[in-house]
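This report describes how one protein chain is folded. Please look through the sequence and the three-dimensional view before reading on.

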Amino acid sequence: MDVASNPANASHPSCELHFVVEGLWGPGVYASRSQTAHKVIGCMLLVGVLGWAAHIMQSASLERAYVISGMSLCFAGSYLGLWVLIFSAPEHVLDGLVWSYAERDLVQQQHLAISCLAVTGGVLEILWAVCGSPQRGGLSFRHDGWHVLWAMNEAMIGVLFLIHPQHSGPRGVVIHTSLGMCMAYAAMFLMVSKIKGFPPSIDEDFTVMMAGTAQVIACALLVAYREPPEEVHKGVNKWCNGAWPLTIGAYCLAFVSQGIILTHIGWNRYPSLFNRVCGSGLEGVIGCLDSCCAIGGRFVQSFCTIFGHRGRSDSGSINDGSSPSHAHRRRRRRRRRGGG
C-alpha cells in the first residue's frame with residue numbers, strides 16, 4: 001500500500017497522515033537499518049526452509065525439522081520486535097523517543113504484530129515436536145487443529161505485508177505485495193503438508209514443494225529489498241490509515257492463539273485447579289473447540305482431496321477429533337469431573 005496515494009484513509013479532515021519526530025534519525029539512517037533488518041529476517045526464515053528440505057532429503061527427522069522451523073520463526077519474530085523497540089534507534093532508547101515513535105507509527109505497529117504472530121507460530125511448531133503424543137504426560141499438540149491455528153497466524157503475516165505502508169513508491173508496493181502473497185501461500189500449502197503427514201515421496205506431496213518455493217521467493221525478496229534513503233523519515237499516523245483495524249485484528253489473533261496454547265497446557269497439567277476455578281464452563285468451551293476442530297479437520301480433508309491425496313496425520317488418517325487419542329482425552333475428562 002502506497003500511503004502517499006491513499007489520503008482517503010484519513011477518518012477526519014484534520015487528521016495528518018504523516019508525522020515527523022525531530023532528531024530521531026539522520027538522513028538515510030532509517031533506510032540503512034531497515035535494509036539490514038530485512039536481510040537478517042530473510043536469512044532466519046531461510047533456515048526454516050532448509051530444515052524442511054533436510055527432512056525431505058531424509059537427513060533430519062520430522063521432529064527436528066519442526067524444531068528448526070519453529071526456532072527460525074521465534075528468532076525472526078523476536079529480532080523484529082527488538083529491532084522496532086531497540087535496534088532501529090539504539091541511541092534513543094533511554095530517552096524513550098523510539099518507543100513513542102513506535103507507539104504512533106502504523107509501520108512499526110505492524111512490525112510488532114508480525115513479531116507476535118511469528119513467535120506464536122514458532123512456539124506451536126516447537127511444542128508439536130517436544131510434547132509428542134498424548135501418552136507422554138497427557139500433553140500433546142499433535143491435533144491437526146494446531147496446524148490450522150499455525151497457518152492462521154503465519155498467513156496473517158502475509159496479509160499484513162499486503163497492506164504494509166510504503167515510502168518507496170510503486171517498487172516497494174510491488175515487492176511487499178509479492179512478499180505477502182508468497183508468505184500466505186506458503187503457510188496454507190505447508191499446513192496441508194503437515195496435516196497429510198509429509199509423505200516420504202515428493203511425488204506424493206507436491207504441496208510441500210509449492211510451500212518451499214513460495215517461502216524461498218519470500219526470503220529472496222526480503223534479502224534483496226532496498227529502501228531508498230530519505231532526508232527526513234516520516235512516520236505513518238496509525239489513526240489516519242485504514243489498515244490500523246486489521247493490524248489490531250492481527251494482534252488479537254496472536255494473543256488469542258497464545259491464550260489457547262496456555263489454556264491447553266494448564267488444563268492438561270493442572271486439571272484439578274482448572275476444575276475448581278472454572279467449573280463446567282471451561283469444559284463447555286473445550287467441547288466447542290473440539291467440535292470446531294472436527295469440522296475443520298473434515299474441511300482440510302476435502303481440501304487435501306482436491307490436491308489428489310487424502311489427508312493423513314501421523315497415525316495414517318486425518319486427525320479430526322474422532323481418533324483413539326481424542327476419545328481417550330474425553331474419557332479422561334469425564335473421569336476428572338466424576339472424581340472432582
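The sections below treat the overall make-up, the helices and their packing, and some single residues.

## Overall make-up

The model is a predicted one. The protein has 11 helices and two strands. Read from the N terminus, the order of these elements is β-α-α-α-α-α-α-α-β-α-α-α-α. The protein has 340 residues, of which 51% count as buried. Among the contacts with a separation of 6 or more, 77% join residues that are 24 or more positions apart.

## Two helices and their spans

Helix α1 covers residues 29-56, and helix α4 covers residues 106-131. The span of α1 from its first C-alpha to its last is close to the value expected at 1.5 Å a residue, and the span of α4 is likewise close to its expected value.

| Helix | Number of residues | Span, first to last C-alpha | Expected span |
|---|---|---|---|
| α1 | 28 residues | 42 Å | 40 Å |
| α4 | 26 residues | 37 Å | 38 Å |

Helix α4 is mostly covered, since 22 of its 26 residues are buried.

## How helices pack

Two packed helices are described by the angle between their axes and by the distance between those axes. Three pairs are described here in these terms.

The first pair to consider is α1 with α7, the latter being residues 207-224. Their axes come within 8 Å and cross at roughly 160 degrees. Angles over 145 degrees count as roughly antiparallel, and α1 and α7 are therefore roughly antiparallel to each other. Their crossing is left-handed. On the α1 side, the residues that meet α7 are His-38, Lys-39, Ile-41, Gly-42, Cys-43, Leu-45, Leu-46, Val-49 and Ile-56. On the α7 side, the partners are Val-208, Gln-215, Val-216, Cys-219, Leu-222 and Val-223. Sorted by class, this contact has 11 nonpolar, three polar and one charged residues.

Helix α7 also packs against helix α6, which covers residues 170-196. The angle between α6 and α7 is about 150 degrees, and their axes are 7 Å apart. The helices α6 and α7 are therefore roughly antiparallel to each other, and α6 passes α7 in a left-handed crossing. The residues of this contact divide into 18 nonpolar, four polar and two charged.

The remaining pair is α3, residues 97-104, with α4. The axes of α3 and α4 come within 5 Å and cross at roughly 90 degrees. That angle makes α3 roughly perpendicular to α4. In this contact, Tyr-101, Ala-102, Glu-103 and Arg-104 of α3 meet Leu-106, Gln-108 and Gln-109 of α4. By class, the contact of α3 with α4 has three nonpolar, two polar and two charged residues.

## Single residues

Is Val-49 buried or exposed? Val-49 lies in helix α1, and with a relative accessible area of 14% it is buried, because buried means under 20%. Leaving aside residues up to four places away in sequence, Val-49 touches Gln-215 and Val-216. Val-49 and Val-216 are 167 residues apart in sequence, and their C-alpha atoms are 7.3 Å apart in space.

Trp-99 is placed in helix α3. With a relative accessible area of 45%, Trp-99 is partly exposed. Leaving aside residues up to four places away in sequence, Trp-99 touches Leu-85 and Val-93. Trp-99 and Ile-86 are 13 residues apart in sequence and 8.3 Å apart in space, C-alpha to C-alpha.

Two loop residues complete the account. Gly-23 is in the loop between β1, residues 18-19, and α1. Gly-23 is exposed, with a relative accessible area of 54%. Gly-23 and Leu-97 are 74 residues apart in sequence, yet 9.2 Å apart in space from C-alpha to C-alpha.

Gln-58 follows α1 and is in the loop between α1 and α2, the latter being residues 62-87. Gln-58 is exposed, with a relative accessible area of 66%. Most residues other than glycine have a negative phi. What is the phi of Gln-58? The phi of Gln-58 is near 60 degrees, which is a positive value in a residue other than glycine.

Terms used
Residues are numbered from 1 along each chain as its sequence is written. This is a predicted model: local features need pLDDT of at least 70, side-chain atom pairs count only at pLDDT 80 or more; totals for chains, interfaces and linings use all residues. Side-chain values use heavy atoms; hydrogens and water are left out. Axes are lines fitted to C-alpha atoms, for helices over the stretch in contact, and angles run from 0 to 180 degrees between N-to-C directions. Helices (H or I, at least four residues) and strands (E, at least two) are DSSP runs, numbered from the N terminus. Angles under 35 degrees count as roughly parallel, over 145 as roughly antiparallel, 65 to 115 as roughly perpendicular and the rest as oblique. A crossing is left-handed if the near helix is turned anticlockwise from the far one by less than a right angle, and right-handed if clockwise. Contact means heavy atoms within 4.5 Å. Ala, Val, Leu, Ile, Met, Phe, Trp, Tyr, Cys and Pro count as nonpolar, Asp, Glu, Lys and Arg as charged, and the others, Gly among them, as polar. Buried means under 20% relative accessible area, exposed over 50%, partly exposed in between (1.4 Å probe, protein chains only). The expected span of a helix is 1.5 Å times one less than its number of residues.
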